[in-house]
Every structure is written in structure tokens, then in C-alpha cells.
Amino acid sequence: MYKYDAIDRQLVTERVEQFRDQVSRWQSGELTGDEFRPLRLQNGLYVQRHAPMLRVAVPYAMMNTAQLRKLAFVARTYDKGYGHFTTRHNMQFNWPKIEDCPDILAHLAEVEMHAIQTSGNCIRNVTTDQFAGVAADEIIDPRPLAEILRQWSTFHPEFAFLPRKFKIAISGTKEDRAVTWFHDIGLQLQVLNGEIGFRVIVGGGLGRTPIRGQIVREFLPWQHILTYCEAILRVYNRQGRRDNAYKARIKILVQALGVEEFAKQVEAEWAHLKDGPATLTQAEYDRITAHFSAPAYERADDIELPSEKAFARWVHRSTHPHKVAGYTAVTLSLKQHGIAPGDITADQMDLVADLADRYSFGELRISHEQNIILADVKQSELYAVWQAAKAGGLATPNVGLLTGIICCPGGDFCDLANAKSIPIANAIQARFDNLDYLFDIGEIDLNISGCMNACGHHHVGHIGVLGVDKNDSEFYQVTLGGRQGNEAKLGKVIGPSFSADEMPDVVEKIIKVYLENRHPDERFLDTFDRIGIDPFKNRAYEGRAHGKAKAAQKEAA
Amino acid sequence: MAQLIKNNAVAVDTWKTLELAEGETPEAVALPEGDIIFPFAVWQARKAEIISRYKRIGLLLQPDEPVEEIAVDLDYFIVVALNFPKFVDGRAYSSASLLRQRYHYQGELRAVGDVLHDQLFFMQRVGFDSYALKDGKNAVYALEAGFSSFSDSYQTSTSQAQPHFRRRA
Ligand code: SF4
């Protein structure tokens with residue numbers, strides 16, 4: 001993975017000192033709260049419901065074990081002994097003190113980590129596929145270009161105060177696992193006539209106004225990635241709306257101009273920048289790529305694994321095909337039933353670090369599904385990994401299943417929330433606590449967000465749950481049929497929202513409709529696509545007064 | 001009064017910005033004597049008159065006034081001031097980049113409005129060379145620390161035409 005060199009180290013260290021100075025000027029009153037706010041946000045520091053929240057970047061999902069152990073140290077020393085992985089390759093600490101944050105950042109800088117631009121109206125942490133570099137279906141490893149983008153976007157002087165936040169995702173596989181259709185810029189690596197380049201998608205996003213991105217350029221040779229992004233950002237910086245934060249994302253600009261006009265303006269801007277000094281060189285590409293060379297794999301064959309049922313189940317759910325024979329990528333589930341999805345204790349972090357050191361070349365990744373991946377495990381060592389992970393509560397075999405829920409922190413922590421999300425996830429997990437049943441239901445993504453900001457990616461869940469605020473109480477809107485990947489699509493709302501108590505029943509009813517109607521080998525989504533939303537809708541609202549009946553009930557009351 | 005930072009020092013500001021009072025129009029406003037920074041609308045309405053009456057001309061651009069429209073006039077200006085109505089409004093960074101890099105403006109480029117310590121580093125990089133630091137802020141400390149937050153940068157910008165990857169030994 002990428003190792004800092006002199007300039008990387010220097011900038012991160014200087015950032016810590018800059019932030020230390022900003023905190024002290026804020027404490028002395030020299031910086032007003034309003035002046036300090038965007039500065040602390042650009043360092044990942046929020047002031048939340050209970051305490052500040054610090055969001056640390058895990059650029060394009062890669063981490064080494066020294067970094068994970070440092071996060072464990074921070075969790076123990078400055079927080080309550082745990083951290084939370086988000087859907088965007090970040091770790092969040094929920095309980096640090098503001099005045100400790102410069103020290104925390106200094107500790108992180110020692111292991112080449114930072115919180116730069118993890119929030120605020122700037123270019124955020126670039127995200128990619130958690131299986132980058134090892135996936136069997138990979139065309140090109142996206143990580144070198146992700147690192148190049150990280151460097152370019154870090155402290156970009158022209159784009160530090162954009163109309164709104166700006167997220168870039170990059171993927172290099174046949175199956176898109178980086179949600180590239182729903183980012184401000186989505187880059188899909190491809191090869192055309194032997195040349196490496198990107199399809200450039202702009203203006204996607206979840207959140208309040210979910211929109212699938214549109215193709216601005218079908219093929220852009222890789223050398224032009226920075227100049228082209230500059231052109232897009234410049235058009236956006238100049239013309240994006242600044243009068244209304246809800247209409248300030250680039251997706252709104254692309255919609256307003258129309259994608260043809262938007263693309264025309266980008267191309268016109270790019271004509272000035274193209275082939276300029278920011279054009280990437282082969283030498284730079286090679287220099288960065290060298291950091292991502294394959295580890296020293298041993299020669300091994302794919303093997304027959306022990307057939308013990310519990311182990312076989314875990315293998316089935318938790319391993320991903322690897323491009324090297326005899327190896328596999330292992331997902332450690334952070335979705336133990338009853339725990340906040342994505343949460344990990346300091347002890348678990350240490351355990352994962354030990355496992356990664358012993359079995360996976362000292363590296364790991366985190367996924368936007370909020371799990372951890374050991375990317376290079378020898379199949380012959382899977383059993384040992386399973387046993388250790390199981391002992392640490394990291395081997396719930398629910399990856400890709402109903403209880404492997406993606407869930408934002410919601411109303412328990414987040415200031416913007418309309419409703420709590422963690423208790424809903426836990427209630428659903430409790431309802432579906434039977435593994436046989438869970439396996440019978442099969443592959444299904446259930447995603448929960450506590451408000452329209454959609455940090456829990458509810459729009460692209462097969463079942464999506466969104467917290468809404470109705471007359472000051474917490475309700476949940478359910479969507480069905482959303483999905484990520486190449487055929488990414490937004491879910492459809494099934495009808496009026498439900499109370500928290502109703503949610504496990506509602507999910508169960510939806511699952512029942514699927515089980516009753518499925519053909520052999522059909523996954524939830526296949527059945528849904530075949531029979532449509534109505535049977536689900538009817539069942540979910542069965543016996544529940546609404547519309548005319550509700551009005552009549554009210555009158556009677 | 002804002003404090004002008006220029007050439008690594010706090011400087012005396014000899015320029016006055018023409019402000020239109022309520023009811024005054026760019027066409028009819030009286031043009032005062034001295035070194036004047038004219039709002040874009042006044043420049044547009046009275047260009048010939050301004051050119052004939054003033055030896056030294058300044059121009060003020062708001063963030064929504066496109067630099068493209070004054071590209072051909074740049075030789076007239078000794079100062080171009082770009083306004084930051086709020087420091088979080090980042091449009092003027094693009095205006096500055098374009099003025100310097102695309103239109104090769106050589107005169108003084110001044111940041112005015114909500115100009116604060118923690119943006120000076122970025123402003124300098126996109127090509128500003130004078131800064132009307134907001135009233136009440138510590139200009140001495142801004143000079144000492146505000147421009148040197150980082151010792152180098154990855155990207156190209158007005159102040160560094162080559163990206164870091166082309167400057168590696
Ligand atoms: S989706 Fe809403 S409630 Fe959940 S973390 Fe994001 S902003 Fe907070």
C-alpha cells in the first residue's frame with residue numbers, strides 16, 4: 001500500500017500544527033464560532049449531540065496494522081474504547097474532546113493518517129472498491145489513481161470552499177462496487193483499444209434528492225484525470241448554487257443545465273487545461289503504482305475446505321474470489337447482532353491487526369458496507385482465521401444477508417438525524433436471529449439512514465429504511481427494489497411511514513411475500529423485479545388503517 | 001477599516017472603493033477624485049469616461065461577475081479587487097486563477113470582503129498579492145503565520161505552475 005514520502009509527511013504534520021493553532025485561536029476568541037466551523041469540519045471535527053465527533057480518513061479503504069493499532073490506541077485513550085466505520089471509508093470517534101483533537105491528529109500523523117477534508121464543502125476522501133487489487137473481476141487496480149486523486153485534492157487552493165461537499169469514487173472492476181453512479185464524480189476504469197482510461201460520470205448522489213449520475217465523457221485517457229477533474233470542479237465552483245444548501249450539490253447544477261450543456265462547458269474549460277503541466281506522467285503513475293505491487297504470495301492451490309456446517313456457512317458468506325489461486329479475500333462482519341452496525345471495539349481492532357499481520361500481509365481494508373476485509377488470506381488458513389474471528393465477535397455469517405445491515409449512526413449520535421437508526425437495525429437483527437432462516441432468505445441488502453442525508457445508503461438497499469420526522473416523533477419510510485452495482489437503481493417508496501415498533505413486523509411481512517412467491521434460485525431482488533411492488537405493499541399495510549379507512553377511524557374516534 | 005496586507009507588510013491603502021448609495025445608478029453616480037476602485041457595473045456604464053479621466057484605475061468584481069467580461073480590459077487596471085461576501089464563498093478563487101493563468105493579468109490582485117487569516121494561504125496560491133484583512137483581525141499574526149501554513153503543495157496553481165510530481169528529483 002502507499003507509503004508516505006517526504007512531502008506527504010510534511011503536509012500532514014503541518015496540518016496538525018495548523019489545526020492546533022486554529023483550535024487555540026478559537027479558544028481565545030480570536031476565531032468566532034462561525035469562522036472556526038468550516039475549518040474544524042475540513043478536519044473532520046463535528047460538534048454533535050453528545051460530544052464532538054472526529055472523522056478520520058481511510059483513503060480508498062486501505063489500512064496497515066500499525067494504523068489500525070493506532071486507532072485502537074486513540075479509541076482507548078481519547079474515546080470510550082470503540083470507533084465506528086462509516087459507509088465512506090472513514091472511522092468516526094464519537095466522544096473525543098475538542099481540545100484533544102490536535103493531539104489525536106498528531107498521533108495519527110505518526111502512522112500516516114489524517115482527518116483532512118473528511119467533512120466540509122470541499123473534495124472529500126476518494127473512495128473505491130474494497131477488493132481493489134485482488135478481485136477476480138478486476139480490469140485495472142484503481143488504487144494508484146485514487147492515491148493520485150488524494151494528493152491532488154488535498155488542500156487544493158481553488159476548491160477548498162465549494163458550494164457543497166464533493167465526493168469522488170473510482171472503480172476498476174466489471175461489477176461496480178464503489179457506487180460510482182451515485183457520486184459527484186464517478187470514474188469507471190476501462191480499457192479501450194489497449195489504452196487505459198475512464199468513463200466519467202457526473203452529478204449522481206444519494207441524499208435529499210437522489211439522482212443517478214450521467215455520463216459526461218465515455219472515455220478519458222488516464223493521463224488527463226487531473227485536468228479533467230479540475231475542469232469539472234471549476235464549472236461547479238463558479239456556477240453551483242450557493243443560495244440554498246439543499247440545492248448546492250453538483251447534481252442540481254447538472255440537472256439545471258442538462259447534461260449536454262454541462263458537458264459542453266466542461267469540455268470548453270478542459271480545452272484550456274488539457275496537456276498542461278497537471279497532465280499525469282507515466283513516471284508518476286509508475287512511481288505510485290509501485291506502492292501497490294502484489295504481496296509475496298506463496299504458490300498454493302485452491303483447496304477443499306472442511307465441511308463443518310458453521311464454518312462452511314461463514315466461508316460461503318464471508319469470502320470473495322481472489323485472483324491468485326489458493327487465496328481468498330475474507331470479510332470480517334461488523335454486524336454482530338445487537339451491536340451498532342460498523343462499530344468496533346479497541347480490542348477487536350487489535351485482534352484484527354493481529355490477524356492481518358499473521359494471515360494477510362499486514363494490510364486490511366474497510367468496505368462501504370462497514371465491514372473489514374483481509375484481502376489476502378491463504379485458503380489453508382481460513383479455518384484458523386474463522387476461529388479467531390469468531391472468538392472476537394467478528395465472524396457473524398451475515399455478510400450480504402438480511403442482518404448484515406448498513407446503518408448510519410442516526411439519532412443516537414448524529415445532530416442531523418430525524419430518527420434513530422441503530423435500534424431499528426438491532427430490532428430487525430433480533431427478529432431474524434435464526435441462522436437457518438437467515439440463510440434460507442438469502443442475499444438481501446437492508447440499508448438504514450436516520451435522515452435524508454442518506455449516510456446509510458437507504459436508497460440503494462433492496463429494502464431501504466429512512467428515518468423521518470412526523471409531528472416531532474420518529475417514523476420510518478420503507479423503499480423496495482433499490483440496488484448498487486452496474487444496474488444501480490433507487491428504491492421505490494411503498495407508502496406511508498411506520499413507527500419504530502412496527503418495523504420488524506414490516507420487514508418480516510416483506511420477507512414472507514418473497515418466500516411465498518419466489519421461484520427456485522430467485523433472490524429477493526429477482527422476485528421483486530418479477531412480481532412488482534404491489535404484493536409487498538399490500539401485505540405491509542394489511543390490517544393497517546390508511547386512506548379512507550383511517551379518515552373514517554378518526555371520525556369515529 | 002480593513003487592514004491591507006501587501007508585500008509582506010501592513011500597508012497604507014491609497015485606494016477608495018466607489019460605493020453606490022441607495023438610489024444612485026452606475027450611469028449617474030458622481031465619479032470622485034483619487035485612486036478609485038470601480039464596481040463592475042460602473043466600469044461597464046462609464047468605461048470611456050473613466051479611461052479619459054483617471055490615470056490609475058481599479059476594478060471591483062463580485063463573485064458572480066465573470067472575469068471573461070473584463071478579459072480584454074485588463075490592461076487598464078492597476079488593481080483588480082475580488083470580493084468575498086462570505087469567506088465560505090469560494091468563487092473568487094476560480095476568478096483569480098483565471099485572471100492570472102488564462103488572462104495573464106499582471107497588476108495587483110486584491111482579496112476584499114470577508115478576508116480571514118485561515119484563507120490567506122489559498123488566496124496566495126491562486127494568485128492574490130494583496131489582502132484587505134477583515135477589521136479587528138490580527139494582521140501581525142496573519143503575516144507571521146497565515147501565508148506559510150504549508151511549505152509545499154501537490155497541485156499546480158498560479159504561484160506554482162508545476163505539480164509536485166514534475167518537480168521530483
Ligand atoms: S443519514 Fe442523517 S442521521 Fe444518519 S448519519 Fe447521516 S446525517 Fe446523520
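**Exercise 1. A salt bridge within one helix**

Determine how the side chains of Asp21(A) and Arg25(A) meet, and state whether each residue is buried or exposed.

*Solution.* Step 1: the side chains of Asp21(A) and Arg25(A) form a salt bridge, with N and O 3.1 Å apart. A salt bridge is defined as a side-chain nitrogen of Lys or Arg within 4 Å of a carboxyl oxygen of Asp or Glu. The general principle is that side chains of opposite charge can pair when their charged atoms come close.

Step 2: the two residues are four places apart in helix H1 of chain A, so about one helical turn separates Asp21(A) from Arg25(A). Helices (H or I, at least four residues) and strands (E, at least two) are DSSP runs, numbered from the N terminus.

Step 3: accessibility is judged by relative accessible area, where buried means under 20%, exposed over 50%, and partly exposed in between (1.4 Å probe, protein chains only). Asp21(A) is buried at 18%, and Arg25(A) is buried at 5%.

The model is predicted: local features need pLDDT of at least 70, side-chain atom pairs count only at pLDDT 80 or more, and totals for chains, interfaces and linings use all residues. Residues are numbered from 1 along each chain as its sequence is written, chains are lettered from A and ligands numbered from 1 in the order in which they are written, and side-chain values use heavy atoms, with hydrogens and water left out.

**Exercise 2. Salt bridges between the chains**

Find which residues of chain B form salt bridges with Asp5(A), Glu35(A) and Arg242(A).

*Solution.* Step 1: Asp5(A) meets Arg168(B) in a salt bridge of 2.7 Å, N to O. Asp5(A) lies in the segment before helix H1 (6–27) of chain A, and Arg168(B) in the segment after helix H4 (139–146) of chain B, so this pair joins two chains. Asp5(A) is buried, at 18% relative accessible area, whereas Arg168(B) is partly exposed, at 28%. A network of salt bridges links Asp5(A), Glu284(A), Arg287(A) and Arg168(B).

Step 2: Glu35(A) forms a salt bridge with Lys137(B), and their closest N and O atoms are 2.7 Å apart. Glu35(A) belongs to helix H2 (residues 33–41) of chain A and Lys137(B) to the loop between strand S8 (130–133) and H4 of chain B, so here too the pair joins two chains. Glu35(A) is buried at 7%, and Lys137(B) is buried at 18%.

Step 3: the partner of Arg242(A) is Asp89(B), with closest N and O atoms 3.6 Å apart. Across the interface of chain B and chain A, eight salt bridges are found; over all chains, the whole structure has 58.

**Exercise 3. The interface as a whole**

State how many residues of chain B are in contact with chain A, and how much area the two chains bury between them.

*Solution.* Step 1: 40 residues of chain B are in contact (heavy atoms within 4.5 Å) with 46 residues of chain A.

Step 2: the chains bury about 3700 Å² between them, 55% of it on carbon and sulfur atoms. Buried area is the accessible area (1.4 Å probe) that two parts lose on being put together, summed over both. Phe150(B), Tyr154(B) and Phe165(B) supply 20% of the area that chain B buries against chain A, more than any other three residues.

**Exercise 4. A hairpin in chain A**

Identify which strands pair with S14(A), and in which sense.

*Solution.* Step 1: strands pair if DSSP finds at least two bridges between them. Strand S3 (residues 62–64) of chain A pairs with strand S14 (residues 363–366) in the antiparallel sense over three bridges, and Asn64(A) has Glu363(A) as its bridge partner.

Step 2: S14(A) is also joined by two bridges to strand S15 (residues 372–378) of chain A, again antiparallel. Arg365(A) stands opposite Ile373(A) in S15(A).

Step 3: S14(A) and S15(A) form a hairpin with five residues between them, and Gln370(A) in the turn has a positive phi of about 65 degrees.

**Exercise 5. Two residues with positive phi**

Decide whether Val179(A) and Asp472(A) are buried or exposed.

*Solution.* Step 1: most residues other than glycine have a negative phi. Val179(A) has a positive phi of about 55 degrees, and Asp472(A) one of about 70 degrees.

Step 2: Val179(A) lies in the loop between strand S7 (168–171) and strand S8 (185–192) of chain A and is buried at 6%.

Step 3: Asp472(A) lies in the loop between strand S18 (463–470) and strand S19 (473–480) of chain A and is exposed at 74%.
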